[in-house]
Amino acid sequence: MPYNCELGQGQKLQIENQGAQTAIALINVSLGQQQSQQTSVETGVWILPPAVFRTPDALIVRIEAQNGQFFVQVQGHSLSLLNAPPSLIGATVLPLEYAGTPAVTSWQAIPPMPPMKPMPPMKPMQMQMGNMAMSMGTPSTQRYCSQCGKAIAEGDRFCSSCGHQLHWQ
């Protein structure tokens, strides 16, 4: 039982009962673009068709179903289930059009991305600024203490700075 509600300015609300779930989608269409937000609420089968109300602050969708009465607020580009019935005093009832075919479609899974090709080896690069130097792509023979980070000489059994026992591999 899908229903459509034209909101104007390229916006449309689609409401559909899919078994025990009610799916509500807000669709925004502009030049060459389409965006949609969707929410789903476990309501059970509808007892009455849904109703859409325009209040000064938001749109309210009322669902009367086997599991009770549900209210979904549409504000800006977001959809949220309300915990308590809102005040609908002075609200305008918006017309709903029965669509006859499923209005809210399921999202199709995106195929997995193919594995990336390995990067080619980097060319050696060196940079020096004052007494600081950095090189990439060239193997370094300098070793550092795993405890304090100070430079150590090959063959040292203990760090001369912190005394940490060194394990060579």
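## Exercises on Q73 and E16

Leaving aside neighbours within four places in sequence, Q73 touches A58, L59, I60, S78, L79, S80 and L82 in this predicted model.

**Exercise 1.** Find the strand that holds Q73, and state which residue Q73 stands opposite in β8.

*Solution.*
- Step 1. Q73 belongs to strand β7, which covers residues 68-75.
- Step 2. Strand β8 covers residues 78-81 and pairs with β7 in the antiparallel sense, over 4 bridges.
- Step 3. Across from Q73 in β8 stands S80. S80 is also among the contacts of Q73.

**Exercise 2.** Describe how β7 connects to β8 and give the phi of G76.

*Solution.*
- Step 1. The two strands, β7 and β8, form a hairpin.
- Step 2. Between them lie 2 residues.
- Step 3. In the turn, G76 has a positive phi of about 65 degrees.

**Exercise 3.** Identify the polar contact made by the side chain of Q73.

*Solution.*
- Step 1. The partner is the side chain of Q75, at 2.8 Å.
- Step 2. The cut-off for a pair of N or O atoms is 3.5 Å, and the Q73 to Q75 pair is listed as a polar contact at 2.8 Å.

**Exercise 4.** Decide whether E16 is buried or exposed, and place E16 relative to Y3 and Q18.

*Solution.*
- Step 1. E16 sits in strand β2, residues 11-18.
- Step 2. The relative accessible area of E16 is 7%. Buried means under 20%, so E16 is buried.
- Step 3. Y3 is 13 residues from E16 in sequence, and their C-alpha atoms are 6.2 Å apart.
- Step 4. The side chains of E16 and Q18 make a polar contact at 3.4 Å.

Key: Residues are numbered from 1 along each chain as its sequence is written. This is a predicted model: local features need pLDDT of at least 70, side-chain atom pairs count only at pLDDT 80 or more; totals for chains, interfaces and linings use all residues. Side-chain values use heavy atoms; hydrogens and water are left out. A polar contact is a pair of N or O atoms within 3.5 Å; within protein, one must be able to donate a hydrogen and the other to accept it, and residues adjacent in sequence count only if both atoms are side-chain atoms. Contact means heavy atoms within 4.5 Å. Buried means under 20% relative accessible area, exposed over 50%, partly exposed in between (1.4 Å probe, protein chains only). Two strands pair if DSSP finds at least two bridges between them.
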